[in-house]
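Ready for a few warm-up exercises? Take a look at the model first, then work through each task with its solution.

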Amino acid sequence: MLLLVQYTLIFASVLVLVALGGCFSEHSGVINLGLEGIMVIGALGGALVMRYMTGLVSPAVLVLLVLLGAVGLGTIYSALLGVASIRFRADQTLVGTAMNMLGVAAATVLVKAINTAADPNDVSSTIKYVEAKKAFLINVGGFELNWFMLIAIVALVASAIVLYRTRFGLRLMACGEHPQAADSVGINVHKMRWRGVLISGMLGGLGGICYILAGVSEWKFENGVAGFGFLALAVMIFGQWKPWRIGLAALLFGLFRALSNVYFGFPVLMALNIPGSIYNMLPYIISLLVLAFTSKKSRAPKAEGIPYDKGQR
Amino acid sequence: MRKVFKNEAVQSLIASLLCIVLGLLIGYIVLLFINPSGATQAILAVIRNFLNTSRANLQVKNFANTLAKTAPLLMCALSILFAYKVGLFNIGAAGQYVAGACACLYASLAWGWGWLACMAFAIAVGALYGAIVGFLKAYCNVNEVISGIMLNWIGLYAANMILSNVKEPTSPYTVHLKDAAPQAILPSLGLGQFFENNQYITIAVPLAIVLAVVILVVLNKTRFGYELRATGYNKNAAKYAGMAEKRNIILTLMIAGGLAALGASLLYQTDYMQWEVTASSVPSMGFNGIAAAFLGGLNPIGTIFASYFIQHITDAGAFVDKTMYSSQISDLISSLIIYLCGFVLFIKHTIRAGVARSEERERRKALAKTEKGGEA
């Protein structure tokens, strides 16, 4: 039971971080379907730091550096979306999809190259971080508290404040609702959208490193992040683009994702004799159902997905 | 010359070629970054594919294998293209492809159906799978990209579960069709003899090309296609003009689903591939279809060539020097090409602006001439 709570919290943390990333981007008016790719690249950034820095610095510094690596690479990578969709008015769905594929391919090529260079017989795309992982955990009576749970809560509170209580947040949301109106009162729409996209890159990268540190102690980059970026988008829609609701939605989705990791720990569930594949499908099925029931009256930012054109009314 | 550049098709061609060149160039830079000594060799290997081998019969064999995989890719690309013309981004093609693979393999191995029945069953299952996305989009306003991705994963796990019943006892792969269900293998009509008797060359390739032409005709020359495109341009306008926009959305995704599923049938029913029931990621065919569709300028005929090109470089990944690079360099290049396809509108716009500017200059020159003439 404790294990279930622990996994639920850690997966919910990932979902909160990434969904908030999507939330910032969409409130600024850019649909970020590339979150999945951003997560992979962010995870790569963190994993590379762990690969090269473990043992060289103290655990606290390592944690900080890993976070920096993930946030840094995630942000840089999200600029690909910014350039294409803000500057060149590209189709945001297409670019996002390309970024997802590019993220996995680039990470695989890079990690394989690193592994092969270190050991010619090693052609895997796996990075191990058994030792480094310990720096992220605090054991409280059998319950593994993870730094990311704290980070997720902080991000949640901060997002709620930034979006609703600051000039920046309100202006950002104006650009996603009615960019022409925002422009007419002197807000630079392109600049705001850039900020929205880069913030989503930061949070997405953070979510990525958090995801690969949850549960396992090595990561095969060929597998990407298994649709987690899209689950986060489902969380965002279920949360109606509002931080607090996103937090609650993430807990629900996190629970179902956690079940597939720990279902064999429950005699009741084992007795039902449901194949493991069903548990693997569960988060995706739930999100489909949830979306079916909540999308009808969804309150998405009105101008999301439409490139800003000054000449349009 | 200017007339040539004004042509829409020429603009598309230039934009696509530019995407390819830039994609290869960036791929080359990545290779240089990893290991400069073999980069030129590696990028040439990717471009050459079957020409990497010197023996003629081996070249033909490799070329034929690429062709065998081009057919399913073309079907996935057509699926994405068809839906995109109706304003829908069918990223669920990957899942519909999985559904088709699962259907045709299970029908052939477990029930012993013939090839045509298996193919029809695959199309039906794929269409049904696509219909889910369409229904959710039309009636529940669910974004088709997100529901498509969810269904991709559900489909993958379901296929793994179902096909576990027909797998080889000692391996995670499904049983070879030629051993257990030869009746389900697509007929070749003797096409293989043009390719050194390659057993994977079947009616799949010509069938896929014919379907590309059919899609072209349906979209551009029929009332049905016109209605679908109208729905894509403006859903509300289509509705007020008396078109059943909800039905059109569902129908579109059913057709798209059927196309992608047929793609799977065209590959798995040649026995070229077996399904791996421990697969942990969705086959990339559906995603590469996005690359092919957009690289082909969203034109069915262009897509035929683009599909071949994407499959050509994908297969060529096997030829790069494994001691330095990995075969995924091809995936990297194709995903770069998709990304660059996002800039196609901008490229076309630039070409048009250039043409307009030069025309303007000419007009002014002509005007200046006549004015001068008037003075004298």
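A crossing of two helices is called left-handed if the near helix is turned anticlockwise from the far one by less than a right angle, and right-handed if it is turned clockwise. Keep in mind that this model is predicted.

**Exercise 1.** Work out how H10(A) and H13(A) are arranged relative to each other.

*Solution.*
- Find the pair: helix H10 of chain A covers residues 228-238, and helix H13 of chain A covers residues 276-294.
- Take the geometry: their axes are 10 Å apart and the packing angle is about 30°.
- Angles under 35 degrees count as roughly parallel, so H10(A) is roughly parallel to H13(A).
- Now the hand: H10(A) and H13(A) cross in a left-handed way.

**Exercise 2.** Say which residues of H10(A) and H13(A) meet, and sort them by class.

*Solution.*
- H10(A) brings A:Leu231, A:Ala234, A:Ile237 and A:Phe238.
- Facing them from H13(A) are A:Pro283, A:Ser287, A:Val290, A:Leu291 and A:Thr294.
- Sorted by class, this contact has seven nonpolar residues, two polar ones and no charged ones.

**Exercise 3.** Over to chain B: decide whether B:Asn141 and B:Asp271 are buried, exposed or in between.

*Solution.*
- B:Asn141 sits in the loop between helices H6 (115-140) and H7 (144-163) of chain B. Its phi is positive, about 60°, though it isn't a glycine.
- B:Asn141 has 15 C-beta neighbours inside 10 Å, so it's partly exposed.
- B:Asp271 lies in the loop between helices H12 (245-268) and H13 (285-295) of chain B. This non-glycine residue also has a positive phi, near 70°.
- B:Asp271 has 20 other C-beta atoms within 10 Å, so it counts as buried.

Note on methods
Residues are numbered from 1 along each chain as its sequence is written. Chains are lettered from A and ligands numbered from 1 in the order in which they are written. This is a predicted model: local features need pLDDT of at least 70, side-chain atom pairs count only at pLDDT 80 or more; totals for chains, interfaces and linings use all residues. Axes are lines fitted to C-alpha atoms, for helices over the stretch in contact, and angles run from 0 to 180 degrees between N-to-C directions. Helices (H or I, at least four residues) and strands (E, at least two) are DSSP runs, numbered from the N terminus. Angles under 35 degrees count as roughly parallel, over 145 as roughly antiparallel, 65 to 115 as roughly perpendicular and the rest as oblique. Two residues are in contact if their C-beta atoms, placed from the backbone, lie within 7 Å. Ala, Val, Leu, Ile, Met, Phe, Trp, Tyr, Cys and Pro count as nonpolar, Asp, Glu, Lys and Arg as charged, and the others, Gly among them, as polar. A residue is buried if 20 or more other C-beta atoms lie within 10 Å of its own, exposed if 12 or fewer, and partly exposed in between; C-beta atoms are placed from the backbone.
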